[in-house]
Amino acid sequence: LLRALCDGIPQPARKPGRGRKPLRLSDQAFAAVAKVYSGRSQRRAQSGLEDSAAKGNLAKVAHFNSISDFLGNDASTALLVSLIEESAKPLAAIENGQFAIDSTGFSTVTYDRWFDQKHGKLCAEHAWVKLHVAVGTVTHAITGVKVSPEGDCPQLPELVAQTMKNFNVREMSADKAYSSKDNFETLDRFGVEAFIPFKINAVMDPKCETWSRHLGEFLFNQDRFLPHYHRRSNVESVMWMLKSKFGASVRSKTTTAQVNEV
């Protein structure tokens, strides 16, 4: 499956001149993804890559630092996102149009350490990488993905647009963190029905018909709202599966590599 995905990656044109022939971009992507999937360090992942080469899935097993170069490249981010989108496409025929959105954090190996003068003790804090995903509630396929330190709420429009490129989206479930007038109006504009609960201090707004209509639905038609909203539990299952397989932390040290590893 990974080889088939990577075969769709075009090789950039090489500038004329002397020098070593570069590794194929598809092989770089294959090696990086296989390394992360194995959960091993770059050196220990080499034996698995040699096995892939023996089976014909990898043209050349390069030095392990080539994986660092690929993960540390800003241009790799869009390529990896495209592989995730491509891997989900075949499941469009199975999904029934119900999707959910959520986020989760991955700890990093980098941290800040300081001495707290007030309390007289040494303190440390790890940096985090935040993953935002949209998933199909039938197949659990990840249909939209973004790694960003920003809050949850602003990510909804981009994740929905990403999902709609390959899937028919009828409804979207999310928790209160995504409850905003902009998000309700965005989903309404896309023709997607929103099942997002409201915060306790939410009130009707005569200037925003979409917000008021959804608030009324949430308050006075719970029998219809809750079954659709609780399909959001499927995105929690996806997060559990991800962290069961890969753990809750990343190995990479630079910011770009951490994003690409996630």
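## A nonpolar patch on the surface

Let's start on the outside of this predicted model. Met204, Leu219 and Phe220 together form a nonpolar surface patch of about 360 Å². Of these residues, Met204 sits in the loop between β5 (193-195) and α8 (209-220). Its relative accessible area is 43%, so Met204 counts as partly exposed.

## The protein as a whole

Stepping back, the protein has 262 residues, and buried ones make up 41% of them. The secondary structure consists of 11 helices and 5 strands. Taken along the principal axes, the C-alpha atoms fill a box of roughly 70 × 60 × 35 Å.

The protein exposes about 14,900 Å², with carbon and sulfur atoms supplying 53% of that area. Among contacts with a separation of 6 or more, 59% are between residues 24 or more positions apart.

## Helix α3 and what follows

Which residues of helix α3 (residues 46-54) are buried? They are Gln46, Leu49 and Ser52. These residues lie on the same side of α3, because they cover an arc of only 115 degrees around the axis. The buried residues of α3 pack against α2 (25-38) and α4 (65-71).

After α3 comes Gly56, whose phi is positive, near 90 degrees. Two residues of the loop between α3 and α4 are worth a look, starting with Lys55. With a relative accessible area of 60%, Lys55 is exposed. Its C-alpha atom is separated by 36 Å from that of Met164, and the two residues are 109 residues apart along the chain.

Ala62 also has its place in the loop between α3 and α4, but Ala62 is buried, at a relative accessible area of 17%. Leaving aside residues up to four places away in sequence, Ala62 touches Leu23 and Gln46; Gln46 is one of the buried residues of α3. From Ala62 to Gln162 the C-alpha distance is 33 Å, with their positions 100 residues apart in sequence.

## Salt bridges

Side chains of opposite charge can pair when their charged atoms come close. In this model, the count comes to 16 salt bridges. One of them joins Glu236 and Arg232, whose closest N and O atoms are 3.0 Å apart. Glu236 is partly exposed at 36% relative accessibility, whereas Arg232 is buried at 13%. Elsewhere, salt bridges that share partners join Arg3, Asp7, Arg24 and Asp27 into one network. Within that group, the side chains of Arg24 and Asp27 meet at 3.4 Å, N to O. Arg24 is partly exposed, with 41% relative accessibility, and Asp27 is buried, with 6%.

Another salt bridge is formed by Asp205 and Lys181, with 2.4 Å between the closest N and O atoms. This pair links distant parts of the chain, 24 residues apart: Asp205 is in the loop between β5 and α8, and Lys181 is in helix α7 (residues 181-190). Asp205 is buried, with a relative accessible area of 16%, while Lys181 is partly exposed at 35%.

## A buried charge without a partner

Glu261 belongs to helix α11 (residues 255-261). Why does Glu261 have no salt bridge? The nearest side chain of opposite charge, Lys35, is 5.0 Å away, and a salt bridge needs the nitrogen and the carboxyl oxygen within 4 Å, so this pair does not qualify. Glu261 is nevertheless buried. Not counting residues up to four places away in sequence, Glu261 touches Val36, Leu71, Val250, Arg251 and Ser252.

Technical notes. Residues are numbered from 1 along each chain as its sequence is written. This is a predicted model: local features need pLDDT of at least 70, side-chain atom pairs count only at pLDDT 80 or more; totals for chains, interfaces and linings use all residues. Side-chain values use heavy atoms; hydrogens and water are left out. Patches are made of residues with over 30% relative accessible area and no salt bridge: like charges are joined within 9 Å, nonpolar side chains (Val, Leu, Ile, Met, Phe, Trp, Tyr) within 5 Å. Accessible areas come from the Shrake-Rupley method with a 1.4 Å probe; for residues, only the protein chains shown count as cover. Helices (H or I, at least four residues) and strands (E, at least two) are DSSP runs, numbered from the N terminus. Buried means under 20% relative accessible area, exposed over 50%, partly exposed in between (1.4 Å probe, protein chains only). Lys and Arg count as positive and Asp and Glu as negative; His and the chain ends are not counted. Contact means heavy atoms within 4.5 Å. The arc is that of the directions from the helix axis to the C-beta atoms.
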